[in-house]
Amino acid sequence: MSEPTNFLYPFIDAEEDDPESLLADLAASAQAKAAESLALRRSTLDANADLLERAAAEMARRFAAGGRLFTFGNGGSCTDSTTLARLFARPPLGSPLPAWSLTADQAIVTALGNDVGFELVFARQLIARAKDGDIAIAMSTSGSSPNLLAALAEARRRGLYTVGFAGYDGGAFANDPNVDACFVVRSQSVHRIQESQALLGYRLWSTVHERLRDEGAA
(Lines give C-alpha, C1' and ligand atoms only; values in the text may rest on other atoms or scores of the structure.)
Protein backbone atom coordinates (compact mmCIF):
# COMPACT_ATOMS: atom_id res chain seq x y z
CA MET A 1 0.00 0.00 0.00
CA SER A 2 1.17 3.49 -0.80
CA GLU A 3 2.18 5.65 2.12
CA PRO A 4 0.21 8.94 2.39
CA THR A 5 3.47 10.92 2.30
CA ASN A 6 4.85 9.36 -0.87
CA PHE A 7 3.81 12.42 -2.88
CA LEU A 8 6.55 14.38 -1.08
CA TYR A 9 9.39 12.13 -2.23
CA PRO A 10 8.03 9.72 -4.88
CA PHE A 11 11.50 8.71 -6.02
CA ILE A 12 12.32 7.04 -2.67
CA ASP A 13 10.08 4.06 -3.54
CA ALA A 14 11.29 3.88 -7.14
CA GLU A 15 13.79 1.09 -6.31
CA GLU A 16 16.69 3.35 -7.19
CA ASP A 17 19.95 1.35 -7.04
CA ASP A 18 22.27 4.27 -7.74
CA PRO A 19 22.92 6.23 -4.51
CA GLU A 20 24.31 9.20 -6.45
CA SER A 21 21.13 9.38 -8.50
CA LEU A 22 19.02 9.22 -5.33
CA LEU A 23 21.06 12.01 -3.74
CA ALA A 24 20.64 14.09 -6.89
CA ASP A 25 16.85 13.54 -6.73
CA LEU A 26 16.80 14.56 -3.06
CA ALA A 27 18.82 17.70 -3.79
CA ALA A 28 16.58 18.63 -6.71
CA SER A 29 13.49 18.11 -4.56
CA ALA A 30 14.85 20.34 -1.77
CA GLN A 31 15.83 23.03 -4.27
CA ALA A 32 12.39 22.95 -5.89
CA LYS A 33 10.64 23.29 -2.51
CA ALA A 34 12.93 26.17 -1.52
CA ALA A 35 12.22 27.95 -4.80
CA GLU A 36 8.49 27.39 -4.38
CA SER A 37 8.61 28.75 -0.83
CA LEU A 38 10.60 31.82 -1.86
CA ALA A 39 8.24 32.63 -4.73
CA LEU A 40 5.19 32.25 -2.50
CA ARG A 41 6.65 34.42 0.25
CA ARG A 42 7.45 37.16 -2.23
CA SER A 43 4.01 37.07 -3.86
CA THR A 44 2.31 36.97 -0.44
CA LEU A 45 4.17 40.05 0.78
CA ASP A 46 3.35 41.88 -2.43
CA ALA A 47 -0.34 40.94 -2.28
CA ASN A 48 -0.64 41.99 1.37
CA ALA A 49 1.59 45.09 1.32
CA ASP A 50 -1.17 47.67 1.69
CA LEU A 51 -3.01 45.63 4.30
CA LEU A 52 0.21 45.21 6.29
CA GLU A 53 0.66 48.97 6.41
CA ARG A 54 -2.92 49.59 7.52
CA ALA A 55 -2.88 46.84 10.15
CA ALA A 56 0.50 47.94 11.51
CA ALA A 57 -0.70 51.55 11.77
CA GLU A 58 -3.77 50.53 13.79
CA MET A 59 -1.76 48.17 15.99
CA ALA A 60 0.85 50.85 16.64
CA ARG A 61 -1.89 53.32 17.56
CA ARG A 62 -3.35 50.86 20.05
CA PHE A 63 0.00 49.91 21.56
CA ALA A 64 0.80 53.61 22.01
CA ALA A 65 -2.49 54.05 23.85
CA GLY A 66 -1.76 51.14 26.22
CA GLY A 67 -3.26 48.29 24.22
CA ARG A 68 -2.07 44.70 24.49
CA LEU A 69 -1.76 41.86 21.99
CA PHE A 70 -3.22 38.36 22.35
CA THR A 71 -2.37 35.62 19.83
CA PHE A 72 -3.81 32.13 19.41
CA GLY A 73 -3.96 29.15 17.03
CA ASN A 74 -4.17 25.35 16.86
CA GLY A 75 -1.47 22.78 16.13
CA GLY A 76 1.39 24.22 14.10
CA SER A 77 -0.38 27.56 14.13
CA CYS A 78 -0.28 27.38 17.95
CA THR A 79 3.51 27.42 17.88
CA ASP A 80 3.51 30.14 15.20
CA SER A 81 1.19 32.33 17.27
CA THR A 82 3.39 31.81 20.34
CA THR A 83 6.47 32.76 18.34
CA LEU A 84 4.74 35.91 17.12
CA ALA A 85 3.71 36.93 20.64
CA ARG A 86 7.27 36.42 21.86
CA LEU A 87 8.60 38.50 18.98
CA PHE A 88 6.52 41.45 20.18
CA ALA A 89 7.16 40.84 23.88
CA ARG A 90 10.87 39.98 23.66
CA PRO A 91 12.11 41.50 20.40
CA PRO A 92 15.69 41.13 19.10
CA LEU A 93 15.80 44.94 18.92
CA GLY A 94 13.56 47.83 19.87
CA SER A 95 11.26 48.12 22.85
CA PRO A 96 9.20 45.18 24.11
CA LEU A 97 5.43 45.43 23.72
CA PRO A 98 2.78 43.72 25.87
CA ALA A 99 1.89 40.49 24.08
CA TRP A 100 0.72 37.06 25.22
CA SER A 101 -0.05 33.75 23.55
CA LEU A 102 -3.33 32.26 24.76
CA THR A 103 -1.93 28.78 24.12
CA ALA A 104 1.08 29.16 26.42
CA ASP A 105 -0.52 28.13 29.73
CA GLN A 106 -1.27 24.41 29.58
CA ALA A 107 -3.26 24.47 32.81
CA ILE A 108 -5.64 27.14 31.52
CA VAL A 109 -6.07 25.55 28.08
CA THR A 110 -6.74 22.07 29.46
CA ALA A 111 -9.01 23.33 32.23
CA LEU A 112 -11.16 25.29 29.78
CA GLY A 113 -11.14 22.44 27.28
CA ASN A 114 -12.33 20.05 29.98
CA ASP A 115 -14.80 22.33 31.76
CA VAL A 116 -16.40 24.41 28.99
CA GLY A 117 -15.26 22.80 25.73
CA PHE A 118 -12.37 23.23 23.34
CA GLU A 119 -14.35 25.59 21.12
CA LEU A 120 -14.19 28.22 23.88
CA VAL A 121 -10.58 27.84 25.09
CA PHE A 122 -9.56 31.18 23.56
CA ALA A 123 -12.84 33.10 23.82
CA ARG A 124 -13.07 32.51 27.57
CA GLN A 125 -9.51 33.76 28.07
CA LEU A 126 -10.36 36.94 26.19
CA ILE A 127 -13.41 37.41 28.42
CA ALA A 128 -11.13 37.27 31.46
CA ARG A 129 -8.22 39.30 30.15
CA ALA A 130 -9.01 41.49 27.13
CA LYS A 131 -10.33 45.04 27.10
CA ASP A 132 -11.35 47.69 24.61
CA GLY A 133 -8.27 48.91 22.76
CA ASP A 134 -6.42 45.58 22.73
CA ILE A 135 -5.48 43.46 19.68
CA ALA A 136 -6.24 39.83 18.80
CA ILE A 137 -4.37 37.79 16.19
CA ALA A 138 -5.71 34.37 15.15
CA MET A 139 -3.39 32.16 13.10
CA SER A 140 -4.72 29.28 11.01
CA THR A 141 -4.00 27.44 7.78
CA SER A 142 -7.68 26.79 7.03
CA GLY A 143 -9.10 30.03 8.37
CA SER A 144 -12.15 28.13 9.55
CA SER A 145 -11.41 26.67 13.00
CA PRO A 146 -14.49 27.03 15.24
CA ASN A 147 -12.53 28.00 18.37
CA LEU A 148 -10.71 30.76 16.48
CA LEU A 149 -13.94 32.10 15.02
CA ALA A 150 -15.52 32.10 18.49
CA ALA A 151 -12.54 34.00 19.89
CA LEU A 152 -12.61 36.56 17.09
CA ALA A 153 -16.32 37.14 17.68
CA GLU A 154 -15.65 37.66 21.39
CA ALA A 155 -12.75 39.97 20.60
CA ARG A 156 -14.96 42.10 18.37
CA ARG A 157 -17.62 42.37 21.10
CA ARG A 158 -14.94 43.65 23.48
CA GLY A 159 -13.56 46.31 21.16
CA LEU A 160 -10.35 44.56 20.07
CA TYR A 161 -8.72 45.06 16.69
CA THR A 162 -8.85 41.63 15.08
CA VAL A 163 -6.33 40.12 12.65
CA GLY A 164 -6.58 36.73 10.94
CA PHE A 165 -3.85 34.73 9.21
CA ALA A 166 -5.21 32.09 6.82
CA GLY A 167 -4.20 29.92 3.87
CA TYR A 168 -5.94 28.48 0.80
CA ASP A 169 -8.66 31.03 -0.11
CA GLY A 170 -8.90 32.50 3.38
CA GLY A 171 -11.64 30.17 4.61
CA ALA A 172 -14.24 31.65 6.94
CA PHE A 173 -11.82 34.42 7.99
CA ALA A 174 -11.97 36.01 4.55
CA ASN A 175 -15.61 37.10 4.81
CA ASP A 176 -16.04 37.21 8.57
CA PRO A 177 -17.24 40.65 9.77
CA ASN A 178 -15.39 39.96 13.04
CA VAL A 179 -12.00 40.05 11.23
CA ASP A 180 -10.67 43.57 10.65
CA ALA A 181 -7.61 42.47 8.66
CA CYS A 182 -7.22 39.07 6.99
CA PHE A 183 -3.85 38.03 5.58
CA VAL A 184 -4.30 35.18 3.09
CA VAL A 185 -1.47 32.94 1.85
CA ARG A 186 -2.84 31.50 -1.39
CA SER A 187 -1.36 28.01 -1.41
CA GLN A 188 -2.64 24.45 -1.04
CA SER A 189 0.42 23.35 0.96
CA VAL A 190 0.27 23.63 4.75
CA HIS A 191 4.07 23.79 4.86
CA ARG A 192 4.29 26.69 2.41
CA ILE A 193 1.37 28.49 4.09
CA GLN A 194 3.04 28.44 7.49
CA GLU A 195 6.39 29.53 6.07
CA SER A 196 4.77 32.56 4.45
CA GLN A 197 2.71 33.32 7.55
CA ALA A 198 5.89 33.41 9.62
CA LEU A 199 7.33 36.04 7.28
CA LEU A 200 4.08 38.02 7.33
CA GLY A 201 4.18 38.00 11.13
CA TYR A 202 7.76 39.22 11.16
CA ARG A 203 6.96 41.98 8.67
CA LEU A 204 3.94 43.01 10.73
CA TRP A 205 6.09 43.24 13.86
CA SER A 206 8.81 45.27 12.13
CA THR A 207 6.29 47.65 10.56
CA VAL A 208 4.58 48.22 13.91
CA HIS A 209 7.96 49.14 15.41
CA GLU A 210 8.71 51.48 12.54
CA ARG A 211 5.38 53.24 13.09
CA LEU A 212 5.97 53.56 16.82
CA ARG A 213 9.49 54.87 16.26
CA ASP A 214 8.28 57.44 13.75
CA GLU A 215 5.47 58.60 16.05
CA GLY A 216 7.91 58.82 18.97
CA ALA A 217 10.28 60.94 16.93
CA ALA A 218 7.44 63.20 15.83
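This is a tour of one predicted model, stop by stop, with a selection to make at each.

Before selecting anything, note that residues are numbered from 1 along each chain as its sequence is written. Local features are given at pLDDT of at least 70 and side-chain atom pairs only at pLDDT 80 or more, while totals for chains, interfaces and linings use all residues, and side-chain values rest on heavy atoms, with hydrogens and water left out.

**The whole chain**

Start with the full chain in cartoon view, where there are seven helices and five strands, these elements being DSSP runs numbered from the N terminus (helices H or I of at least four residues, strands E of at least two). Along the sequence they follow the pattern α-α-β-α-β-α-α-β-α-β-β-α. Taken along the principal axes, the C-alpha atoms fill a box of roughly 65 × 50 × 30 Å. Of the 218 residues, 45% count as buried, where buried means under 20% relative accessible area, exposed over 50% and partly exposed in between (1.4 Å probe, protein chains only).

**The sheet**

Select the five strands next: they form an open sheet in the order β2-β1-β3-β4-β5, with parallel pairing. Its edge strands are β2 (99-101) and β5, each of which pairs on one side only. Neighbouring strands are turned by 15 degrees against each other on average, direction ignored, with axes being lines fitted to C-alpha atoms (for helices over the stretch in contact) and angles running from 0 to 180 degrees between N-to-C directions. Two strands are taken to pair if DSSP finds at least two bridges between them.

Now narrow the selection to β4, residues 161-167, in which seven of the seven residues are buried, so that the strand is largely enclosed by the rest of the structure. With side chains shown, Tyr161, Val163, Phe165 and Gly167 point one way from β4, and Thr162, Gly164 and Ala166 point the other way.

Adding β3 (residues 135-139) brings in a strand that runs parallel to β4 and is joined to it by five bridges; here Ile137 stands opposite Val163. If helix α6 (residues 146-157) is added as well, the view holds a right-handed β-α-β unit made of β3, α6 and β4; a crossover is right-handed if, with the strands pointing away from the viewer, the path from the first strand over the helix to the second runs clockwise. Then add β5 (residues 181-185), which pairs with β4 in the parallel sense over five bridges and in which Phe183 is the bridge partner of Phe165.

**The cysteines**

Stay with β5 a moment longer and select Cys182, which counts as buried at 17% relative accessibility. A search of the whole structure finds zero disulfides, a disulfide being a pair of cysteine sulfur atoms within 2.5 Å. The closest cysteine sulfur to that of Cys78 is in Cys182, 20 Å away and too far for a bond.

**Helix α4 and its two ends**

Move to α4, residues 106-115, whose N-terminal end is capped by Asp105: a side-chain oxygen of this residue lies 3.0 Å from the backbone nitrogen of Ala107. After α4, select Gly117, which has a positive phi, near 110 degrees.

**Helix α1**

In α1, residues 19-47, select Thr44, which is buried at 4% relative accessibility and whose side chain reaches the backbone oxygen of Leu40 at 2.7 Å. Ala47 is also found in α1, but it is exposed, with a relative accessible area of 67%. To leave the helix, measure from Ala47 to Arg186: the two are 139 residues apart in sequence, yet 9.8 Å apart in space, C-alpha to C-alpha.

**An aromatic pair in helix α7**

The last stop concerns the aromatic pairs, of which a search of the whole structure finds five; rings of Phe, Tyr and Trp (its six-membered ring) pair if their centres lie within 6.5 Å, and planes under 30 degrees apart count as stacked, over 60 as edge-to-face and the rest as tilted. Select Tyr202 and Trp205, whose ring centres are 5.3 Å apart and whose planes meet at 50 degrees, so the pair is tilted. Both belong to α7 (residues 190-217), where, being three residues apart, they are separated by about one helical turn. Tyr202 is partly exposed at 42% relative accessibility, whereas Trp205 is buried, with a relative accessible area of 3%.

Methods:
A polar contact is a pair of N or O atoms within 3.5 Å; within protein, one must be able to donate a hydrogen and the other to accept it, and residues adjacent in sequence count only if both atoms are side-chain atoms.
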